[in-house]
Every structure is written in C-alpha cells, then in structure tokens.
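This report describes selected local features of a predicted model. The sequence and structure are shown below.

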Amino acid sequence: MKFSIEEMDAIFLGGATVDELAANSRKAKQMAKDVGKTIKTYTMINLVIGDTDEAAAATAESYRAGFDEGALHGMMRAYGFLDSEIGKENVFVKKARSGFISEHAVGSAETIAEKLITLLDKADLDGLMLIFPDYLTGLPLFAEKVLPLVRARFPEQAA
C-alpha cells in the first residue's frame, strides 16, 4: 500500500467484508493525505447475472465444481504467497476457492444492483472494476438491466 501511494495515482483493494474493504480504502486515503497526496481506491467484482437468483447460483456453482487446486497453487506462487502462505486459508485463498479470486455478486439484475449499491454506498471507493464470466453476454446484460438500477440510486453521478 505504501508503494502504491508513493508511486501511483490509484490502488485496487480487497477485504473479507464490505466494512474491511471500507477500512482499507480509508487507510489508503489517509496514508496518501499524510504525505501530501491523493489516491483513488477501487476494487474488482465478478458479476454472474442470471434471469433469477437461482439460475445465477447454478452458473456460479458450475465454476466452483471445476475448481482447479493446481491452478490455485500456481497462482499463489505467481503472487508470492507460496512460501509464506501455502496451507493457510487467508482471504485471498478463500475467495479463490469460491471460484472467484475477488469480490463477487451472483444473482438477478436486482440482486446484483443491490450488491453494487451497497459497495458504492459503504466501501468508500472511487470506482469498481467489473469482471464478467463472458463479456459478450454479460456486458450488454449489465448495461440493460443492472446499470439503470444503479444509476437510479445515484442520479447526481449519472448526470
């Protein structure tokens, strides 16, 4: 975090809960302020949008069923976790075992919108990086069904 504040204009953060994510965002912004800088904070979120919550949950479960332990091991090595973290169920590993490496929302357009609104309301972030299992179908679905609900909650930013 210190390196990002010293060298970057933005940082991607995570947390086990929305409250932890908010605390991490506030910490980064305070650290930047303490050295006379500002920093933008973001988080990644995977969106699995279905016609219903149940349909989306079934899709997400298919990803979990295909979890690749060897790929997780390789990813941990690439991120520098292998030597000190292997065998421990830290937040990063726990999220990866869910089938998603970052925060995720699974459900209908309404459920997804509620999750995004909660993140934007409570996590003290400047933005979100949205990840879709299939961008060709997910992005248009998001634009048509989810984004209008989020914009309705934040009309001043939508303008």
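## Residue L147

L147 has a relative accessibility of 22% and therefore counts as partly exposed, since the buried class is reserved for values under 20%. The residue belongs to helix α8, which covers residues 135-153. Although 34 residues separate L147 from A113 in sequence, their C-alpha atoms are 7.4 Å apart in space.

## Packing of α7 and α8

A113 is also among the α7 residues that meet α8. Helix α7 spans residues 109-122, and its axis lies 9 Å from that of α8, at an angle of about 40°. The two helices are therefore oblique to each other, and their crossing is right-handed.

On the α7 side, the contact is made by A109, E110, I112, A113, L116, I117, L120 and D121. These residues meet F142, K145, V146, L149, V150 and R153 of α8. By residue class, the contact of α7 with α8 comprises 10 nonpolar and four charged residues, with no polar ones.

## Strand β3 and its partner

Strand β3, formed by residues 103-107, presents two faces. E103, A105 and G107 lie on the covered face, whereas H104 and V106 lie on the uncovered one.

Strand β2, residues 40-49, runs parallel to β3 and is joined to it by five bridges. Within this pairing, G107 of β3 has I49 opposite; G107 is also one of the residues on the covered face of β3.

Definitions and conventions
Residues are numbered from 1 along each chain as its sequence is written. This is a predicted model: local features need pLDDT of at least 70, side-chain atom pairs count only at pLDDT 80 or more; totals for chains, interfaces and linings use all residues. Side-chain values use heavy atoms; hydrogens and water are left out. Helices (H or I, at least four residues) and strands (E, at least two) are DSSP runs, numbered from the N terminus. Buried means under 20% relative accessible area, exposed over 50%, partly exposed in between (1.4 Å probe, protein chains only). Two strands pair if DSSP finds at least two bridges between them. Axes are lines fitted to C-alpha atoms, for helices over the stretch in contact, and angles run from 0 to 180 degrees between N-to-C directions. Angles under 35 degrees count as roughly parallel, over 145 as roughly antiparallel, 65 to 115 as roughly perpendicular and the rest as oblique. A crossing is left-handed if the near helix is turned anticlockwise from the far one by less than a right angle, and right-handed if clockwise. Contact means heavy atoms within 4.5 Å. Ala, Val, Leu, Ile, Met, Phe, Trp, Tyr, Cys and Pro count as nonpolar, Asp, Glu, Lys and Arg as charged, and the others, Gly among them, as polar.
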